[in-house]
Amino acid sequence: MQNSSFAHHLAVSSLLPRLSVGMPNAVNVGFLAPLSGQAESWGLPGLHGCRIWEDWLNKTGGLLINGRRYPIKIVEFDCDYDAGRAEEGARHLIEQHDIKLLMMLGGDTIARIREYLTQRKVLTSTLLPSDLSPDMPYLIAPSELHPIYNVTGVDWLARTRPELRTVAICSQSDALGLPSLATYRAAFKAANVGIVKEIQYDPHATDAAGIVQPMLDSNPDILCWCTSYTPMVHAMTEYAHAQGFKGQIISCTLDYYDQLVARTSAEFMEGFVFQFPDFDDEKLTDKTFFFNQPKGFFDEYNNRFPGTWTAVSWEYVAILDIWHAAVEKCNSVNPLPVLAAMKQLGHVTHAFGPAHWWGENMFGIDNALVGDWPVVTLKGGKAKIAAFGSIPRWLKRHGGLLKQEMSDLGQLWEQRLQSSGSGTALQARTPELILQK
């Protein structure tokens, strides 16, 4: 949790005598995410990464709590990014498996179980800090700051390609897409890039032509896919290629980019901007973060799960690493002391360097880790980190603009609670009061 990494813990523990193993029952961690469906690439690869972490930790004896070691067990449930399935899965994992941490993708899958998770005091992680609110004090976003890190890609693009002055944007209208749309709006406005076309489409839409052609008709310098699901990112990119688009494309993710390069061309995909590196990138070698051996993890992942590396292959593991350090710091798996241990240091080393807890101004609670984030481009058909952008620096300059765009799309925490019918008792349920229950 401090500057020591999981890899360092492994190296040190391998040199020390094993302490007594605890009870044979494992400490269970729940993995509730889409393992199928259109959001599969943001769930299943993350589970693969967790399996590697689980094996690595258990080979060293497991969690060390009060001088005894306990094996860890990842218990998965496929929610297919469906709210009803997520509710079923949460109850199953909590009531049947006594999980001590629940990892979720977040978004629409959290809305129906917010009160249940809070009442049960379940420490829950999300990849979407836009899920956060003071009404849910046990929900944290310690790994991915989606979609706010997308400002770094736009900022870098505006500085390195100042001749690009207009953009056409599209986004699906759900809890993943709308916060992303708000963020890209703010980022392009901050960069003085004019938005000449904006399309909000149904999350289940499959007609790439119907979305992209109006964007092309606006003659933009840049096409922006926001955080569209992987199948749509591929379909829209291929349509733009087929129509002869020669400009810049930017997207939050570009999972399975090798397939797109093969179906279009390396020349067409050259310079595509997104936010998620391959972990064999030389610019990660000297980064102090949770693995300290990113290439080793990347190589093992690809050996065990070839062809499945995506934006989330490492992100749930990053959450596990921070949780693991907090558990061993406080000698407990109970959510209150673990959450307190996470927060006590104030600054935590996350995937790409030092970060601090943030979010009260935007989400009503400082339960998100914010720091630097990589800007990635395709070079010769391969993902390469172009730069690391500072999210805190951008927020200091343009945080008010981002908050206004979030408000305009109804994505501030109080707006989301009111729209879900949970706002009436909000004033009586401050984080302090909830934590005391």
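Which residue lies over the face of tryptophan 357? Select tryptophan 357 in this predicted model and you will find lysine 343 there, at 5.4 Å from the ring centre.

Next, colour helix α13, residues 335-344. Its buried residues are Pro335, Val338, Leu339, Ala341 and Met342. Look down the helix axis: these residues cover an arc of only 155°, which puts them on the same side of α13.

Now move to the largest nonpolar core, a set of 149 residues. Show Phe188, Trp225, Trp314 and Trp323, the members that touch the most others. Then add helix α12, residues 315-330, which gives the most to this core, with nine residues.

Time for the aromatic pairs, of which the whole structure holds 22. Start with phenylalanine 31 and tyrosine 316: their ring centres are 4.7 Å apart and their planes meet at 55°, so the pair is tilted. Phenylalanine 31 belongs to strand β1 (residues 27-33) and tyrosine 316 to helix α12, so the pair ties together parts that are 285 residues apart in sequence. Both residues are buried.

For another pair, select tyrosine 149 and phenylalanine 276, which meet edge-to-face, 5.6 Å centre to centre with 90° between the planes. Tyrosine 149 sits in the loop between β7 (139-140) and α5 (150-160), and phenylalanine 276 in the loop between β12 (273-274) and α11 (294-304), so this pair ties together parts that are 127 residues apart in sequence. Tyrosine 149 and phenylalanine 276 are buried too.

Last stop: zoom in on tyrosine 116, where the charged end of arginine 91 sits over the ring, 4.2 Å from its centre.

Technical notes. Residues numbered from 1 in each chain as written. Predicted model: local features only at pLDDT ≥ 70, side-chain atom pairs only at ≥ 80, totals over all residues. Heavy atoms only, no water. Core = buried A, V, L, I, M, F, W, Y, C linked by side-chain atoms within 4.5 Å. Buried < 20%, exposed > 50% of the residue type's maximum accessible area, 1.4 Å probe, protein only. Helix = DSSP H or I, 4+ residues; strand = E, 2+ residues; numbered from the N terminus. Arc of directions from axis to C-beta. Phe/Tyr/Trp six-rings, centres within 6.5 Å; stacked < 30°, edge-to-face > 60°. Lys NZ or Arg CZ within 6 Å of the ring centre and 35° of its normal.
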